[in-house]
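Here is a short set of exercises to work through with the model open in your viewer. Try each task before you read its solution.

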Amino acid sequence: AVRWGLVFAATLAIAPLLLARFGWSWSPRAFGSSWVPGALAVGFGVTVVLGSTVWANPAEIDGAAGQVRDDLLEVERWARSETAADANFLLPLDSFGFGWRVFSERASVGKPREWLHYGFLYSRDQSVLEEGTRRANMFGIDVDAWLTEHPELRSGPRLVRELDDRFGAMTDAEVVAVAEELGADYIVFDDTARRGSPCFDVLFSTANFWVAGMQDECRSLR
């Protein structure tokens, strides 16, 4: 529906130009104004660009990405209604899921893009930089050495993926240790996480996420 709406809008934008070109304009005075064809052309160009983006990336509007977004909203609603107001969550480390605090009304320990990428590029706050590097060290990454090895631009997503991969490779006890170090009360895992030890108690789940509480038995395994 979105795609065909964009096609329809593009057709409306270009139709008057075509009509005027072949002498079929219903408003000669209007199309005699020099700015009208230009404005319509610009509008048509913007519509085509936006429409091609939507057409080429349907998952951004519906499909799989839309389902993941809906599932995360379900988790956020659950957190808002079923956990204490001061509860803190460790979320999946990938780049998806910004807006958690707005919809859940609960804290999170932050995403790597917040405490590394945004911290380095925007805040330039030394305490933020130090905390970001400390957290990366918890996953076995020396940020200075990593950036020296990967000096290319736009390497941030690659660093996030590496952090996420390292988190996925941790044992359950190591995950609990990280969560406790970061002050998390609950952990939100994505559906690919296979955690079957006594470390975790599944409190809520959707097709794409599940929320775990941490058990004392797992803390004793460290």
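Keep in mind that this is a predicted model.

**Exercise 1. Work out the strand order of the open sheet and find which strands stand at its edges.**

Solution.
- Step 1: Begin with β3. Strand β1 (residues 88-90) pairs with β3 in the parallel sense over two bridges, and Phe-89 stands opposite Tyr-186.
- Step 2: Look at the next pairing of β3. Strand β5 (residues 209-214) runs antiparallel to β3, and five bridges join them.
- Step 3: Check this register residue by residue. Tyr-186 stands opposite Gly-213, Val-188 is opposite Val-211, and Phe-189 has Trp-210 as its bridge partner.
- Step 4: Move on to β4, which pairs with β5 in the antiparallel sense over five bridges. Phe-200 stands opposite Met-214 here, and a hairpin of three residues joins β4 to β5.
- Step 5: Put the order together. The five strands form an open sheet, β2-β1-β3-β5-β4, with mixed pairing. β2 (107-108) and β4 (200-205) each have a single partner strand, so they stand at the edges with one side lacking a neighbour in the sheet.

**Exercise 2. Are the two faces of β5 covered or open?**

Solution.
- Step 1: Recall the general pattern. Side chains in a regular strand alternate between the two faces of the sheet.
- Step 2: Sort the residues of β5 by side. Phe-209, Val-211 and Gly-213 lie on one side, with Trp-210, Ala-212 and Met-214 on the other.
- Step 3: Apply the cut-off for buried, under 20% relative accessible area. Six of the six residues of β5 are buried, and both faces are covered.
- Step 4: Repeat the count for β3, where four of five residues are buried.

**Exercise 3. Where do the buried residues of helix α7 (residues 126-138) lie around its axis?**

Solution.
- Step 1: Check the helix length. The 13 residues of α7 reach 19 Å from first C-alpha to last, close to the 18 Å expected at 1.5 Å a residue.
- Step 2: List the buried residues of α7: Leu-129, Gly-132, Arg-135 and Ala-136.
- Step 3: Look at the arc. These residues cover only 130 degrees around the axis, which puts them on the same side of α7.
- Step 4: Relate this to helix geometry. With 3.6 residues a turn, residues three or four places apart in an α-helix point the same way.

**Exercise 4. Which residues have a positive phi after α7, after α10 and in the loop between α5 and β2?**

Solution.
- Step 1: Just after α7, Gly-140 takes a positive phi of about 80 degrees.
- Step 2: Helix α10 is followed by Gly-183, also with a positive phi, near 80 degrees.
- Step 3: In the loop between α5 (100-104) and β2 sits Glu-105. Its phi is near 60 degrees, positive in a residue other than glycine.
- Step 4: Check the surroundings of Glu-105. Its relative accessibility is 51%, so Glu-105 counts as exposed.

**Exercise 5. Describe the second largest pocket and its lining.**

Solution.
- Step 1: Take the volume, about 180 Å³.
- Step 2: Identify the lining. It has 13 residues, and the closest to the centre are Asp-164, Gly-168, Asp-190, Thr-192 and Ala-193.
- Step 3: Assign elements. α9 (156-169) and β3 (186-190) give two or more residues to the lining, and α9 gives the most, four.
- Step 4: Sort the lining by class: six nonpolar, two polar and five charged residues.

Methods: Residues numbered from 1 in each chain as written. Predicted model: local features only at pLDDT ≥ 70, side-chain atom pairs only at ≥ 80, totals over all residues. Heavy atoms only, no water. 1 Å grid on protein atoms, 1.4 Å probe; cavity = no way out; pocket = protein on both sides within 12 Å on 5 of 7 lines; lining within 4 Å. Points joined across faces, edges and corners; volume = space filled by probe spheres on them. Nonpolar A, V, L, I, M, F, W, Y, C, P; charged D, E, K, R; others polar. Expected span 1.5 Å × (residues − 1). Buried < 20%, exposed > 50% of the residue type's maximum accessible area, 1.4 Å probe, protein only. Arc of directions from axis to C-beta. Pairing = 2+ DSSP bridges.
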